[in-house]
Amino acid sequence: MKKIWNLMRRYPVVVGFVALLVALSILSDRFLTISNLLNVLRQVSVQAIIAFGMTIVIISGGIDLSVGSVFAFSAVVLASILKQGSIFLAMLAGLGVGALFGLFNGFVIAKAKLQPFIVTLATMAIARSFTLLYTNGMPITGFSDAFRFIGRGEIFSIPVPVFIMFGVFF
């Protein structure tokens, strides 16, 4: 019994996670299934990819609140150019938008000596506004099956975004 208490004191998050898994498995016969696990992995894959990059930023003592909004703006720029047919130009534009925002953040933080929290908070609002203006608040649709395969496809019954997530991780 003493070992269990020591384990709970040393690893409370792990113990809580295991307890939650057990409880949810008891409450639903579909919770602890391969299908549900793959569904959860697909849903968290994009956030996990962003989190891998953010881990480096946080370890280095920084903070960037604009990541999600810059990602969204980069994605809509990529998507709108992709609909016109040029995958190379679309990828270049999407990456370019992200790089320009990164350069802007870095320049303002380094040269103006402003706090990263404040700069990236402002950049978050700017990128979010650009996204809304660029799309006029409307979704971009009508992509080819080959492009949709990246987000919805499966290889050996495992979602493609999961492969991408683990590829970025490794």
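These are my notebook entries on helix packing, aromatic pairs and a few single residues in a predicted model.

**Entry 1: helix 4 against helix 6**

I began with helix 4, residues 67-83, and helix 6, residues 116-135. Their axes lie 8 Å apart and the packing angle is about 25°. Angles under 35 degrees count as roughly parallel, so I entered helix 4 and helix 6 as roughly parallel to each other. I noted the crossing of helix 4 and helix 6 as left-handed.

Next I listed the residues that meet. Helix 4 brings Ser-69, Val-70, Ala-72, Phe-73, Val-76, Val-77 and Ser-80. Helix 6 brings Thr-123, Met-124, Ala-127, Arg-128, Phe-130, Thr-131, Tyr-134 and Thr-135. I sorted the residues of this contact by type and got 9 nonpolar, 5 polar and 1 charged.

I then looked up Ser-69, which sits in helix 4. Ser-69 has a relative accessible area of 8% and is buried. Leaving out residues up to four places away in sequence, I found Ser-69 touching Met-124, Ala-127, Arg-128 and Thr-131.

**Entry 2: helix 4 against helix 5**

I turned to helix 5, residues 87-111, and its packing on helix 4. The angle is about 160° and the axes are 8 Å apart. With over 145 degrees counting as roughly antiparallel, I put helix 4 and helix 5 down as roughly antiparallel to each other. The crossing of helix 4 and helix 5 is right-handed.

On the helix 4 side I listed Val-70, Phe-73, Ser-74, Val-77, Leu-78, Ile-81 and Leu-82. On the helix 5 side I listed Ile-87, Leu-89, Ala-90, Met-91, Ala-93, Gly-94, Val-97, Gly-98 and Phe-101. The contact of helix 4 with helix 5 divides into 13 nonpolar residues, 3 polar and no charged.

**Entry 3: aromatic rings**

I counted 7 aromatic pairs in the model. One of them is Phe-143 with Phe-147, where the ring centres are 4.9 Å apart and the planes stand at 45°, a tilted pair. I checked how far each of these two is covered. Phe-143 is buried at a relative accessible area of 18%, while Phe-147 is partly exposed at 28%.

I looked at Phe-169 and Phe-170 as well. Their ring centres are 5.3 Å apart with the planes at 70°, so I recorded the pair as edge-to-face. Phe-170 has 78% relative accessibility and counts as exposed.

I also noted one aromatic cluster formed by Phe-73, Phe-101, Phe-130 and Tyr-134. I had already met Phe-73 in helix 4 on both lists, facing helix 6 and facing helix 5. Phe-130 and Tyr-134 are on the helix 6 list, and Phe-101 is on the helix 5 list.

**Entry 4: Phe-147**

I went back to Phe-147 and placed it in helix 7, residues 145-152. With residues up to four places away in sequence not counted, Phe-147 touches Leu-78 and Leu-82. Both of these leucines are among the helix 4 residues in the contact with helix 5. I also took the C-alpha to C-alpha distance from Phe-147 to Ile-87, which is 9.6 Å, with their positions 60 residues apart in sequence.

**Entry 5: Leu-21**

Last, I looked up Leu-21 and found it in helix 2, residues 12-27. Leu-21 counts as partly exposed, at 28% relative accessibility. I then took the distance to Leu-32, which is 11 residues apart from Leu-21 along the chain. The C-alpha atoms of Leu-21 and Leu-32 are separated by 7.9 Å.

Definitions and conventions
Residues numbered from 1 in each chain as written. Predicted model: local features only at pLDDT ≥ 70, side-chain atom pairs only at ≥ 80, totals over all residues. Heavy atoms only, no water. Axes fitted to C-alpha atoms, helices over the stretch in contact; angles between N-to-C directions. Helix = DSSP H or I, 4+ residues; strand = E, 2+ residues; numbered from the N terminus. Parallel < 35°, antiparallel > 145°, perpendicular 65-115°, else oblique. Left-handed = near helix turned anticlockwise from the far one by under 90°. Contact = heavy atoms within 4.5 Å. Nonpolar A, V, L, I, M, F, W, Y, C, P; charged D, E, K, R; others polar. Phe/Tyr/Trp six-rings, centres within 6.5 Å; stacked < 30°, edge-to-face > 60°. Buried < 20%, exposed > 50% of the residue type's maximum accessible area, 1.4 Å probe, protein only.
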